[in-house]
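Visitor: I would like to go through this model step by step. Please keep to what the coordinates support.

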Amino acid sequence: SLRPLALAIGCYVLALAQRPGLTVADTKVDLQVDPSSFLGDVLGAWTPSTSLGHIWAGQYGGYLWPMGPFFALAEKLGLEPWVVGRLWLGTLLALSAWGMVRLLDAFLGRPRGVAHGVAALVYVLNPYVVTYAGRTSITLLAYAALPWLLLCVHRGLREPRGWWWPAAFALVVTSIGGGVNVAVTAWVLVGPALLVAYELL
């Protein structure tokens with residue numbers, strides 16, 4: 001049977017094995033080198049420091065949750081920037097893999113078998129993940145959320161009077177970095193919409 005802890009450990013090991021010691025300028029370099037200051041700047045709509053001052057672009061608001069606090073907390077714990085970047089990537093991979101396993105639990109049931117493991121591996125080890133892992137990993141936040149959104153839809157349609165699954169869906173959607181690139185959120189929501197159509201038909 002597939003064990004969630006082993007799956008998560010494997011994802012973190014994979015992330016930490018990628019060029020140890022090398023800090024990658026993923027997304028915003030100031031998020032890596034001084035995340036607390038970055039968050040402080042983004043919390044204010046106006047910055048006086050550049051070109052006689054300017055309003056922060058709306059894109060920066062997307063870093064207020066969850067990527068910015070993740071990096072800022074790790075900085076407070078004294079972790080090296082390269083370690084923080086790999087832990088962030090490992091967390092995204094672990095959430096992706098575990099979400100896929102939970103989705104297959106809903107579709108195929110238990111006990112977990114080969115199909116669960118293969119689906120989790122393929123979802124984590126593919127060209128899309130490789131492309132975004134080292135340059136704009138916040139895009140992978142929506143990717144990691146997709147199986148969880150599908151699970152919320154699947155379960156929510158079976159409990160139409162409950163509030164838990166719609167609330168969980170809303171919380172996941174607000175945590176996938178739409179403030180950075182709302183187009184990514186829009187494309188991710190196509191999946192749940194298609195699942196609703198499929199389930200109703």
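Guide: Helices here are DSSP runs of type H or I with at least four residues, strands are E runs of at least two, and both are numbered from the N terminus. The model is a predicted one.

Visitor: How many helices and strands does the chain have, and in what order do the elements run?
Guide: By that assignment the chain comes to 11 helices and 2 strands. Read from the N terminus, the order is α-α-α-β-β-α-α-α-α-α-α-α-α.

Visitor: Why does the chain count as being as compact as a globular protein of its length?
Guide: The globule rule gives 17 Å for 201 residues. The C-alpha atoms fill a box of roughly 60 × 35 × 30 Å along the principal axes. The chain is as compact as a globular protein of that length because its radius of gyration is close to the rule's value, at 18 Å.

Visitor: What share of the residues is buried, and what share of the accessible surface belongs to carbon and sulfur atoms?
Guide: Buried means under 20% relative accessible area. Of the 201 residues, 38% count as buried. The accessible surface comes to about 11,100 Å², and the carbon and sulfur share of that surface is 69%.

Visitor: Among contacts between residues at least 6 apart in sequence, what percentage joins residues at least 24 apart?
Guide: A contact requires heavy atoms within 4.5 Å. Among the contacts between residues at least 6 apart in sequence, the share joining residues at least 24 apart is 65%.

Visitor: How far apart do the centres of the positive and negative side chains lie?
Guide: The chain has 12 positive and 9 negative side chains. The distance between the centres of these two sets is 12 Å.

Visitor: Is His 116 buried or exposed?
Guide: His 116 sits in helix H6, residues 114–124. Beyond its neighbours within four places in sequence, its contacts include Leu 2, Val 101, Leu 104 and Leu 108. Its relative accessibility is 3%, and the cut-off for burial is under 20%, so His 116 is buried.

Visitor: Which residue has its backbone nitrogen 3.2 Å from a polar atom of the His 116 side chain?
Guide: A polar contact takes a pair of N or O atoms within 3.5 Å. The side chain of His 116 offers a polar atom, and the backbone nitrogen lying 3.2 Å from that atom belongs to Gly 113.

Visitor: Which residue does Arg 110 join through a cis peptide bond, and is that residue buried or exposed?
Guide: The bond has omega of about 5° and leads from Arg 110 to Pro 111. Pro 111 is found in the loop between helix H5 (81–108) and H6, and it is among the contacts of His 116. With a relative accessible area of 69%, against a cut-off of over 50%, Pro 111 is therefore exposed.

Visitor: Where is the peptide bond with omega near -5°?
Guide: Most peptide bonds are trans. This one is cis, and its proline lies in the loop between strand E2 (54–55) and helix H4 (67–76). The bond runs from Trp 65 to Pro 66.

Visitor: What is phi of Arg 19?
Guide: Most residues other than glycine have a negative phi. Arg 19 lies in the loop between helix H1 (4–16) and helix H2 (29–33), and it is exposed, at 62% relative accessible area. Its phi is positive, near 45°.

Visitor: How far in space is Pro 20 from Trp 82?
Guide: Pro 20 is in the loop between H1 and H2, and it is exposed, with a relative accessible area of 56%. Pro 20 and Trp 82 are 62 residues apart in sequence, and their C-alpha distance is 7.4 Å.

Visitor: Which residue's backbone oxygen does the side chain of Gln 32 reach?
Guide: Gln 32 lies in helix H2 and is buried, at 7% relative accessible area. Leaving aside neighbours within four places in sequence, its contacts include Thr 23, Asp 26, Phe 71 and Pro 81. The side chain of Gln 32 reaches, at 3.5 Å, the backbone oxygen of Asp 26.

Notes:
Residues are numbered from 1 along each chain as its sequence is written. This is a predicted model: local features need pLDDT of at least 70, side-chain atom pairs count only at pLDDT 80 or more; totals for chains, interfaces and linings use all residues. Side-chain values use heavy atoms; hydrogens and water are left out. The radius of gyration is taken over C-alpha atoms; the globule rule is 2.2 Å times the number of residues to the power 0.38. Buried means under 20% relative accessible area, exposed over 50%, partly exposed in between (1.4 Å probe, protein chains only). Accessible areas come from the Shrake-Rupley method with a 1.4 Å probe; for residues, only the protein chains shown count as cover. Lys and Arg count as positive and Asp and Glu as negative; His and the chain ends are not counted. The place of a charge is taken as NZ of Lys, CZ of Arg, CG of Asp or CD of Glu. A polar contact is a pair of N or O atoms within 3.5 Å; within protein, one must be able to donate a hydrogen and the other to accept it, and residues adjacent in sequence count only if both atoms are side-chain atoms.
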